[in-house]
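Please open the structure in a viewer and set side chains to be shown on selection. The tour below proceeds stop by stop, naming what to select and what is to be found there.

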Amino acid sequence: MVNRRKNKDLLQLLAVFVGIVALNFISGFAFHRIDFTKEKRFTISPVTVNILQNLKKPVKISVFLEGEFPSGFKRLQRATKDLLTDYKAYAGNNIKFEFINPLDGKNPQQQEEVYNELGAKGIEPTNLSVKTESGLSQKVIFPAAMVSFNGEQIPVRLLQNRMGLSPDEVLNNSIQNLEYAFSSAIKKVSSGGKPRVGFTEGHGELSDLQLQDAMKALADGYEAGRINLTDITASGLQKLKVMVIAKPQTAFTEPEKYKIDQFLMAGGKIIWAIDQVNADLDSMRSTKREEQLAFQKKLNLDDQLFTYGIRINYDLVGDMNCAQIPVNVGSVGGQPQLQLVPWLFYPIIMPVSPHPMVKNLDGIKTEFINTIDTIAVANVRHNVLLSTSPFNRELQAPTIISLKMIEDTPDPKLFQSAPKAVCVLSEGIFKSNFLTQAIPAGADLGTQKLQKSTFTKMLVFSDGDVFKSQVSGTDGSVFPLGYDRFSQQTYANKTFLLNAVDYLTDDSGLIALRGKELKLRLLDKGKLVAEKFKWQLINTLIPLILMLLFGIFQHLYRKRKYAY
């Protein structure tokens, strides 16, 4: 009897051992996980899986998050490592990653070289205050990664800062953006040819200098350059993926409008960044009275935009949520004294839309912005992405604007209005603006005139300066896009441009990953204090009671089982 039971126990133990070995063997060839979280935070999207499984050569990822960090950055480090481990499970040897500290073992001179080298690649350092035994110490880290493939490199920013958010919320946003950031970079670096992005010229658009950082930022994943609508051919339009019209000053001709129209009809994507009112701060300062007549521009685009369902109004928006400009408030020892003051015509647009193009973005700096109306058009859907704050006021052009306005404290009663749309995404099948018109002379592209588009997208922003970098007046150096040299604050203009182009060119649905949301489930601190003793009692007594009950049950079970 005893030997029989003993043999049975040995067989059961052997079966469990064989089962474990078999399970480990099978798991080496197949990867699967069950995600019980509500938002599926540990589940890789099918889009990412497809990208990883279609890699032909190894992709190397260098993450600059190695070393001792505060708990928040350790969480970001751990989340990044977990994600890349999952990537490797799907891609096998085609994903290789490492965590390094680029400053480790380097002297001050070598560290300066590292700053310059990484800065040239688009990776900026972040200063941290770290608690030590002697107090707080400053530490420089690089919350970023570099994705390399076949000699090409794309930087990935891991930390998603945003004004007004707590450190926990910033880290949470950063973690939920990791999959999109890495998957997008891997797709761009491994896809071969880069899509072309063309900035129009010939109508007083932003100069090469003003667009320098915008095109540099796009160069990692796109082939960015200038195009002239007068000279471009049908072949040139076919090679173009996105057309950007950034702050034109003079009118477009009918042949140029026809080429824009047919580009859209053929499925091309367009970003319109247009000012409808002529206003400029530098021109205002150059006059003795420091004022300017803000008048309507004549760009000859109203009818075309109206056909597509968009109307940019001839007005200016003053917003109490605005950037600051330097103003001379006096002179000491012959030196002008500059002071930063709010300038109502430089609104800071805070994204509130859940759309992946603008979700979790920081504020976007604008200059002399107009309002946008949408018109219902069959088969086209309009989505307002960006709006002013509720504390805004419209001024109809023409109107006089003056720097002396800063001397008057704005009356809040005059700045209470519904938010005004300033950026609209239009998607669908557009009707041609030249549907009932003949092809303009000199505009024949040698192809049949398209009367309606395939499904396509266009983005309309009623500010031509949104993609403009500030240029130093002393040495002509170009500041990064979104950086305000006066307040020394960086806005999200560059990230917005990259997201916009990514969204317009994305046919795989990858941009939808930016909509992934991980909710912060924080403890109710008030309830925690009020019910502290109750939960301490529960956490202390319940485990002891359970152990006692388990011991009694085990004793009774063994007594009954082995009783003769």
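Begin with Lys-457 and Tyr-503: the charged end of Lys-457 sits over the ring of Tyr-503, 4.3 Å from its centre. The model on display is a predicted one. A second contact of this kind is found by selecting Lys-81 and Phe-99, where the charged end of the lysine sits over the aromatic ring, 4.8 Å from the ring centre.

**The parallel strands and their crossover**

Phe-99 leads on to strand β2, which spans residues 95-99. Select β2 together with strand β1 (residues 59-63); the two strands pair in the parallel sense over five bridges. Within this pairing, Ser-62 stands opposite Glu-98 in β2. Now add helix α3 (residues 71-91), through which the chain crosses from β1 to β2. This β-α-β crossover is right-handed. While the strands are displayed, one general point may guide the eye: in a regular strand the side chains alternate between the two faces of the sheet.

**The aromatic pairs**

Next, turn to the aromatic rings, which form 10 pairs in the structure. Select Tyr-346 and Phe-368, whose rings make an edge-to-face pair with 5.7 Å centre to centre and 85 degrees between the planes. Which parts of the chain does this pair tie together? Tyr-346 lies in strand β16 (residues 335-349) and Phe-368 in the loop between β17 (364-365) and β18 (372-374), so the contact joins parts that are 22 residues apart in sequence. Tyr-346 is buried, with a relative accessible area of 8%, and Phe-368 is likewise buried, at 3%.

For a stacked pair, select Phe-479 and Tyr-483. The ring centres are 5.8 Å apart and the planes stand at 25 degrees; the pair counts as stacked because this angle is under 30 degrees. Phe-479 is partly exposed, with a relative accessible area of 22%, and Tyr-483 is also partly exposed at 22%.

Return to Tyr-346 and Phe-368 and extend the selection to Trp-343 and Phe-345: these four residues form one aromatic cluster.

**A buried asparagine in the β17-β18 loop**

Remain in the loop between β17 and β18 and select Asn-370. Is Asn-370 buried or exposed? At 0% relative accessibility, Asn-370 counts as buried. Add Tyr-314 to the selection: the two residues are 56 apart in sequence, and their C-alpha atoms lie 6.8 Å apart in space.

A further long-range contact can be displayed by selecting Val-460, in strand β23 (residues 456-461). Val-460 is buried, with 0% relative accessibility. Its partner for this stop is Trp-272, which is 188 residues away in sequence and 4.7 Å away in space, C-alpha to C-alpha.

**Cavities and the largest pocket**

Empty space is the next subject. Rolling a probe the size of a water molecule over the atoms shows where empty space is left. A search of the whole structure finds two cavities of 30 Å³ or more, and the largest has a volume of about 100 Å³. To locate the largest cavity, select its lining residues, among them Lys-365, Glu-367, Asp-465, Lys-468 and Gln-470. Tyr-483, already seen in the stacked pair, also belongs to this lining.

The largest pocket has a volume of about 1600 Å³. Its lining is made by 45 residues, of which Gly-122, Glu-124, Arg-157, Lys-494 and Thr-495 lie nearest the pocket centre. Colour the following elements, each of which gives two or more residues to the lining: α4 (108-120), β3 (126-132), β6 (152-157), α6 (178-190), α7 (212-218) and α12 (493-505).

**Backbone features**

The last stops concern the backbone. Most residues other than glycine have a negative phi, and most peptide bonds are trans. Select Ala-397 and Pro-398: the peptide bond from Ala-397 to Pro-398 is cis, with omega near 0 degrees. Pro-398 is placed in the loop between β20 (392-396) and β21 (399-402).

Then select Lys-247, a residue other than glycine with a positive phi of about 60 degrees. Lys-247 is in the loop between β9 (240-246) and α9 (254-265), and its relative accessibility of 10% makes it buried. Finally, select Asn-379, whose phi is also positive, near 70 degrees. Asn-379 lies in the loop between β18 and β19 (380-387) and, at 61% relative accessibility, counts as exposed.

Key
Residues are numbered from 1 along each chain as its sequence is written. This is a predicted model: local features need pLDDT of at least 70, side-chain atom pairs count only at pLDDT 80 or more; totals for chains, interfaces and linings use all residues. Side-chain values use heavy atoms; hydrogens and water are left out. Rings of Phe, Tyr and Trp (its six-membered ring) pair if their centres lie within 6.5 Å; planes under 30 degrees apart count as stacked, over 60 as edge-to-face and the rest as tilted. Helices (H or I, at least four residues) and strands (E, at least two) are DSSP runs, numbered from the N terminus. Buried means under 20% relative accessible area, exposed over 50%, partly exposed in between (1.4 Å probe, protein chains only). A charge sits over a ring if NZ of Lys or CZ of Arg is within 6 Å of the ring centre and within 35 degrees of the ring normal. Two strands pair if DSSP finds at least two bridges between them. A crossover is right-handed if, with the strands pointing away from the viewer, the path from the first strand over the helix to the second runs clockwise. On a 1 Å grid over the protein atoms alone, a cavity is a set of points where a 1.4 Å probe fits but cannot get out, and a pocket is an open set with protein on both sides within 12 Å along at least five of seven lines; lining residues have an atom within 4 Å of a point. Grid points are joined across faces, edges and corners, and a volume is the space filled by probe spheres set on the points.
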